[in-house]
Each structure stands twice: as C-alpha cells, then as structure tokens.
Amino acid sequence: MIRVMLADDQVLVRAGFSALLDAQQDLEVCGEAADGEQAVALVREQRPDVVLMDIRMPVLDGLEATRRITGDPDLAGVRVVMLTTFELDEYVFEAIRSGASGFLVKDTEPEELVRAVRAVVEGDALLSPGVTRRLISEFAARSKEPAAAAALDELTEREREVMALVGMGLSNEEIARRLVVSPLTAKTHVSRTMVKLGVRDRAQLVVQAYESGLVRPGWLG
C-alpha cells in the first residue's frame, strides 16, 4: 500500500485528490495539511511514501516545507511532488533543486495523477512529461558553472552516457531506442547510476547531470 499525504490550503482540492486516491486499491491518503508547517509536522509523524505539496500555502510555503522534508535524513524515504496551477510556475525550478521528485499541474487528468504517484515511489521519472523538457531547459538556462564531480569517476562510460540522456529529458524508452538496447536494460543503467551517485530519484539525477557539467545547456534540442 502506497501512503500519500496531501498539503494544500484549498479544502476542495484536498477533498478531490483524496477521493481519487482512496478509490485505488494500492493507494491510501494518510493525512492532510492546510499549510507548510502542518505538512512538515505531519510528514514527521506519518512518514508517508509521497507528499503532494502545493507550492503556495500560508504560514510556510511549499518550497520551504519541501526543503525541510528533503533535508531531514530521517525522512529520506519520503518523496515530494509539487502541485502548481501553471505548468511553468516560477518556483518549480527551485522546487526541483530543493529536493522535490517532480511536479504536477493541478488540472492533471485523474489517471495521470495516479500513475505519477506510483511512478515517483519507484524513483522512476520526472512528472508531467509534457513540460519536462521545458523545465530542464529552464534549469539549463539558470545552471551555474559546472563543479568538479569526482563522483562521476565511479560511473562506467555507458552509465555516463545514460546519465547525459536522462539530463536531456529522455525517458527510459527513448534512451533504449537511442542506445539500441531494451527498455529494461536502459532502466537498469539508470537505477545503477542513481545508486552509485547516491541520488534520491531521477529528478536529482537531472540536477547532477547539469551541475557536474555532463550535460550543458547548448545540448538541448
């Protein structure tokens, strides 16, 4: 059973998401919070698998709440997915850098929301695929000078290649086609790379791809 916590200051939004998620056999809503402070406290109490976190909330916004959650070693197993009204919310970029596993727009189709919750538990993908490349492009435009990345020395040549393709926004299926391997092999390479680098999920692998200089802004097509 995947345990999900909802953090949004709009009661109707929480009610709608809760009804949808609780209707799934493998999902259950284990708590609701109306602001960021409540969200952090409830996460520490409930230890959910996934938090659906609104970016704009009173008392403490979702961005700072996410930093507190992802920065707490005791909450390493918790995945945060940011909820935003607009596809390219100005805070989405900072949310990913702050440790969020991805983001969803609030008018996402119900089946996409359910799929996204399951996917993020597996560390499987950045969410909202339709805007992923634009998010990565924004990341590229703002990325700082690459830092020395001794950690990349642990990677094989193929793993570096796969990491670069993840950083460019390719899915496992697209990576498989590019490298002429099976999707399962591509997924295995991605998983091994994340383990070697000690990153939480695919979103953080993208961050490392840019900050290490493995992928540079001009590479985006």
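This report walks through a predicted model, starting with the overall make-up and moving on to the sheet, the salt bridges and the last two helices.

**Overall make-up**

The protein has ten helices and five strands. Its chain runs to 221 residues, and 52% of them are buried. If you look at contacts with a separation of 6 or more, 68% of them come from residues 24 or more positions apart.

**The sheet**

Start with the strands. Five of them form an open sheet, paired in parallel, in the order 2-1-3-4-5. At the edges sit strand 2 (27-33) and strand 5 (102-105), each with a pairing partner on one side only. Ignoring direction, neighbouring strands are turned by 25° against each other on average. As a reminder, strands of a sheet pair through backbone hydrogen bonds, either parallel or antiparallel.

Two of the pairings are worth tracing on screen. Strand 1 (residues 2-7) runs parallel to strand 3 (residues 50-54), and four bridges link them. Within that pair, A7 sits opposite M53 of strand 3. Over at the other edge, strand 4 and strand 5 are parallel too, joined by four bridges. There, L83 faces L104 of strand 5.

Strand 5 may be an edge strand, but is it covered on both faces or bare? Both faces are covered, with G102 and L104 buried on one side and F103 and V105 buried on the other. That split fits the usual pattern, in which the side chains of a regular strand alternate between the two faces of the sheet.

Now for the helices that pack here. Helix 1 (residues 11-22) packs on the sheet and touches strand 1, strand 2, strand 3 and strand 4 (79-84). Its direction makes about 160° with that of strand 2. An angle over 145° counts as roughly antiparallel, so helix 1 and strand 2 run roughly antiparallel to each other. Helix 2 (residues 36-46) lies across strand 1, strand 2 and strand 3, and runs at about 135° to strand 2.

**Salt bridges**

How many salt bridges are there? The count comes to twelve. Here are three of them, with the closest N to O distance for each.

| Pair | Distance (N to O) |
|---|---|
| R14 and E32 | 3.0 Å |
| D72 and R44 | 3.6 Å |
| R158 and E161 | 3.1 Å |

Take the bridge between R14 and E32. R14 belongs to helix 1 and E32 to strand 2, so this pair ties together parts that are 18 residues apart in sequence. R14 has 13% relative accessibility and counts as buried, while E32, at 39%, counts as partly exposed.

The bridge between D72 and R44 spans a longer stretch of chain. D72 sits in the loop between helix 3 (62-70) and strand 4, and R44 is in helix 2, so parts 28 residues apart in sequence are tied together. D72 is buried, with a relative accessible area of 17%, and R44 is partly exposed at 42%.

The bridge between R158 and E161 stays inside one helix. Both residues are in helix 7 (residues 157-167), three residues apart, which puts about one helical turn between them. In general, an α-helix has 3.6 residues a turn, so residues three or four places apart point the same way. Both partners are partly exposed: R158 has a relative accessible area of 30%, and E161 comes in at 35%.

There is also a small network, in which salt bridges with shared partners join D8, D54 and K106.

**Helix 9 and helix 10**

Finally, look at helix 9 (residues 183-197) and helix 10 (residues 202-211), whose axes come within 10 Å and cross at roughly 70°. The two helices are therefore roughly perpendicular to each other. On the helix 9 side, the contact uses V190, T193, M194 and L197; on the helix 10 side, R202, L205 and Q208. By class, that makes four nonpolar, two polar and one charged residues.

Why is helix 10 described as largely enclosed by the rest of the structure? Because eight of its ten residues are buried. The buried set is R202, A203, Q204, L205, V206, V207, A209 and Y210. Just after helix 10, G213 takes a positive phi of about 85°.

Methods:
Residues are numbered from 1 along each chain as its sequence is written. This is a predicted model: local features need pLDDT of at least 70, side-chain atom pairs count only at pLDDT 80 or more; totals for chains, interfaces and linings use all residues. Side-chain values use heavy atoms; hydrogens and water are left out. Axes are lines fitted to C-alpha atoms, for helices over the stretch in contact, and angles run from 0 to 180 degrees between N-to-C directions. Angles under 35 degrees count as roughly parallel, over 145 as roughly antiparallel, 65 to 115 as roughly perpendicular and the rest as oblique. Contact means heavy atoms within 4.5 Å. Ala, Val, Leu, Ile, Met, Phe, Trp, Tyr, Cys and Pro count as nonpolar, Asp, Glu, Lys and Arg as charged, and the others, Gly among them, as polar. Two strands pair if DSSP finds at least two bridges between them. Buried means under 20% relative accessible area, exposed over 50%, partly exposed in between (1.4 Å probe, protein chains only). A salt bridge is a side-chain nitrogen of Lys or Arg within 4 Å of a carboxyl oxygen of Asp or Glu.
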